[in-house]
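Dear colleague,

I am handing over the structure below, and after it you will find a description of what came out of the analysis. Please read the text with the model open beside you.

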Amino acid sequence: MRNDVIRHMLLIEEPSILKLHQELMNIAIYALGPLFIIAVILEFFGELNFGAVLKKLMIISIVMTCFYQFHTTAVSVALEAASSTLQRVSPKNIFVKKWYEVKIRTGEKRDWGFLERFAIPNLNDLVATGFFLLSKVFIWLLKLIYSTVYHFTYLFSGITAALYLLGWTKDALKGTVQGSIWCMLMPFVVIAILALVGNSFVEAADTGELIFSKIDTIVWLFGVTLLLLLSPVITLG
């Protein structure tokens, strides 16, 4: 299992987006001056707390200077840590195998006959392959959601930082920070679901059991796999 398996699973990387980020940051910088003047005027007719305006300006300067580097580095560390964690807790996970690889290998029992020796391993692999294909559809959808949030978070960080100067838009910057934290936590929610289902298959197959012999277990595993689609909501919660 590669250390970047979760990164490839969740993130679409497009270097050309960096140019768009720079252009939007320039727009935010140009808008910062007028917004600062508006904030000072509003404070003049308000509580006269000009120190708060200067404090906001300092926070905005830090965000505009450092947020992109912080966001991309922190998410990269989170993705790598999630991949390493999945490798340790579920080294034989079926969901990170290649399309052409056997998804699961069933341990052979001594009392098996010819028919059981042929049928059980193939049936187990068939069930595992079905879950593998189902998960690929869900993960593809997750990849679109995760990549969109990841890129939008830093693309609009400059604009949301500039809007932080105004009282009625001060929560814009909070949304940017929440988006970044969401991107850091999401990989761990995903690997928790993948490990839970993948390990259940491996444990059953290692003992030579027929995976779908317990229908309630299969229904439960199917339900847990469906949670992949809800992992963005779970992470937000």
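Val 190 touches Met 9, Leu 10, Leu 142, Leu 228 and Ser 231, once residues up to four places away in sequence are set aside. Please keep in mind here, and in everything that follows, that this is a predicted model. Val 190 also belongs to the largest nonpolar core, which has 53 residues, and it is listed with Ile 6, Met 64, Tyr 146, Leu 194 and Leu 228 as having the most contacts inside that core. Helix H1 (5–10), H2, H3, helix H4 (114–155), helix H5 (157–163) and helix H6 (171–206) each supply at least two residues of this core, and H6 gives the most, with 12 residues.

As for the chain as a whole, it contains 7 helices and 0 strands, so that the elements, read from the N terminus on, run α-α-α-α-α-α-α. Of its 237 residues, 41% are buried. Among the contacts in the chain with a separation of 6 or more, 84% are accounted for by residues 24 or more positions apart.

On the polar side, the count comes to 1 salt bridge by the rule applied. The side chains of Arg 7 and Glu 13 meet in it, with a distance of 2.9 Å from N to O. How do these two residues stand with respect to burial, given their relative accessibility? Arg 7 counts as buried because its relative accessibility is 18%, and buried means under 20%. Glu 13, in turn, counts as partly exposed because its relative accessibility is 47%, a value in between that limit and the 50% over which a residue is exposed.

Finally, there is the second largest pocket, in which about 150 Å³ of space lies. Its lining is made up of Ala 39, Leu 42, Glu 43, Gly 46, Glu 47, Ala 52, Val 53, Lys 56, Leu 165, Leu 166, Gly 167 and Trp 168. Helix H2 (17–44) and helix H3 (50–89) each supply at least two residues of this lining, which by class has 7 nonpolar, 2 polar and 3 charged residues. Glu 43, Glu 47 and Lys 56 are the charged residues of the lining, while Gly 46 and Gly 167 are counted as polar.

With best regards

Terms used. Residues are numbered from 1 along each chain as its sequence is written. This is a predicted model: local features need pLDDT of at least 70, side-chain atom pairs count only at pLDDT 80 or more; totals for chains, interfaces and linings use all residues. Side-chain values use heavy atoms; hydrogens and water are left out. On a 1 Å grid over the protein atoms alone, a cavity is a set of points where a 1.4 Å probe fits but cannot get out, and a pocket is an open set with protein on both sides within 12 Å along at least five of seven lines; lining residues have an atom within 4 Å of a point. Grid points are joined across faces, edges and corners, and a volume is the space filled by probe spheres set on the points. Helices (H or I, at least four residues) and strands (E, at least two) are DSSP runs, numbered from the N terminus. A nonpolar core is a set of buried Ala, Val, Leu, Ile, Met, Phe, Trp, Tyr and Cys residues joined through side-chain atoms within 4.5 Å. Buried means under 20% relative accessible area, exposed over 50%, partly exposed in between (1.4 Å probe, protein chains only). Contact means heavy atoms within 4.5 Å. A salt bridge is a side-chain nitrogen of Lys or Arg within 4 Å of a carboxyl oxygen of Asp or Glu.
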